[in-house]
Amino acid sequence: MTLKIAMIGVGLIGGSLALCFKGKPGLTVMGYAHLKELKEKYIASGVVDDATLSLEEAVQDADFIFLCVPVGLLESYFEKLSRLPLKKGCIITDVGSTKASIAACAEHVRLTDAYFIGGHPMAGSERAGVDAASAVLFENAYYVLTPSTHVPEEAYSRLSELLAYTRAQIVRVEPLLHDDIVGAISHLPHVIAVALVNQVREYNESNPLYKMLAAGGFRDITRIASSDAIVWRDILLSNREVLLGLLKDWNRQMLSFTDMLEQKNGEGIEEAFRQAREFRSVLPERRKGMISPLFDLYTDVQDAPGMIGKIATELGTNDINLSNLEIIENRVDVPGIMRLSFRQEEDMERAKTLLDALGYQVWV
Ligand SMILES: NC(=O)C1=CN([C@@H]2O[C@H](COP(=O)(O)OP(=O)(O)OC[C@H]3O[C@@H](n4cnc5c(N)ncnc54)[C@H](O)[C@@H]3O)[C@@H](O)[C@H]2O)C=CC1
Ligand SMILES: O=C(O)C(=O)Cc1ccc(O)cc1
């Protein structure tokens, strides 16, 4: 028996899920595209077995339907699905970064013969589109499911079993609690990153030295400011109430720094850094998830011609998959620090052993 999986929206997340399922025994993946050029792209990129421009055809006889579109489109697609003939027992799920609004929609739109279970794979990146899709995106990450009380355990188990192909860890959370927590650890940081980049962008208009000197650290904490504008417009508007509360608290934090600076309160500043460092040190380090999807390795490199090429070649020759390479500090005549980023922990460990053996000083 073959299980049909319909992916509505085949971008970063839909495409990555499709890659987890495609080619697995007994699974077939059908992509729905709203534009002709996307249909062709989905097929050509090989992430789906087939694609169609017809929503009805995409979901016909499907055992699982994944809604992988921006959050603002979820409700309209959910309503469209409720009016289409679906296979008895079909499971509809989504991957939206907010869960309360789609859960509320599922409460008032009646589904006949199908079940809705909200979902949120808590890993991703600042990239968008099917070209950024990866079969290993969710490995080791948490994958939140928010089933309502009407959903039978049997349906929840079927979806959990399918999601085992992502190698993510399933966790069950109430939709409202999900939005509170994810608002604080993901949505607020995205707002802060964008605001910070825009603040510096404005200063840079009168003096381009800002851009020139904005090296490692600034790039690090603002990576997520490059995230997709439409996807994030929808997430922020959907979690508006929670974010308004979080921004009030954030403003209080900023005021506290303003106050400490005005009062020249060195002790207060020290204490703020100490408390933050202590809490950060107990965050799960190696779990892939929001805001840290890569395994990083650091090495000292002399500022000499050919250094970067030499290291990259050694890794390539040894079949070690490098995701990103960056010089995060490089001054004339002073050793620089190179950061090598890997998607797989195993690649990072192998690179460490290799570079150690070649005499480089490497640390994690
Ligand atoms: N970007 C991330 O890291 C994460 C995103 N999410 C959620 O996943 C969902 C999808 O986001 P991404 O994959 O990042 O975005 P994306 O932009 O890579 O993919 C969105 C897909 O939806 C399609 N689409 C756009 N308008 C459409 C329409 N009217 N009808 C049908 N399809 C349409 C696009 O063509 C694209 O294939 C969002 O709800 C987002 O909140 C969840 C976890 C992580
Ligand atoms: O790129 C990052 O670090 C992210 O934070 C990715 C991300 C974006 C949206 C989500 O709902 C979950 C994860």
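**Exercise 1. How many nonpolar, polar and charged residues does the shell around ligand 1 have?**

Conventions come before the solution. This is a predicted model, in which local features need pLDDT of at least 70, side-chain atom pairs count only at pLDDT 80 or more, and totals for chains, interfaces and linings use all residues. Residues are numbered from 1 along each chain as its sequence is written, while chains are lettered from A and ligands numbered from 1 in the order in which they are written.

Solution.
- Step 1: define the shell. A residue is near a molecule if its C-beta atom, placed from the backbone, lies within 6 Å of it.
- Step 2: list the residues that come nearest. Among the 25 residues around ligand 1, these are Gly9, Gly11, Ile13, Ser97 and Gly124.
- Step 3: sort by class. Ala, Val, Leu, Ile, Met, Phe, Trp, Tyr, Cys and Pro are nonpolar; Asp, Glu, Lys and Arg are charged; the others, Gly among them, are polar. The shell has 14 nonpolar, 10 polar and one charged residues.
- Step 4: assign elements. Helices (H or I, at least four residues) and strands (E, at least two) are DSSP runs, numbered from the N terminus. The largest share of the shell, three residues, comes from α1.

**Exercise 2. Locate the largest nonpolar core.**

Solution.
- Step 1: set the cut-offs. A nonpolar core joins buried Ala, Val, Leu, Ile, Met, Phe, Trp, Tyr and Cys residues through C-beta atoms within 7 Å. Buried means 20 or more other C-beta atoms within 10 Å; exposed means 12 or fewer; partly exposed lies in between; C-beta atoms are placed from the backbone.
- Step 2: find the members with the most links. Of 64 residues, Ala6, Met7, Ile8, Ile65, Phe66, Leu67 and Cys68 touch the most other members.
- Step 3: find the main contributor. Helix α1 (residues 12-21) gives the largest share, seven residues.
- Step 4: place the core. It lies between domain 1 (3-173) and domain 2 (178-281), because both give residues to it. The bounds come from an automatic or database domain assignment.
- Step 5: look for another core. One of 10 residues lies apart, including Leu297, Ile311, Ile320 and Met338.

**Exercise 3. Describe the backbone and exposure of Lys264 and Asp319.**

Solution.
- Step 1: recall the background. Most residues other than glycine have a negative phi.
- Step 2: take Lys264. Its phi is positive, near 50°. Lys264 sits in the loop between α11 (240-262) and α12 (266-281). It counts as exposed because it has 8 C-beta neighbours inside 10 Å.
- Step 3: take Asp319. Its phi is positive, about 60°. Asp319 sits in the loop between α13 (307-317) and β10 (324-329). With 8 other C-beta atoms within 10 Å, Asp319 is exposed.
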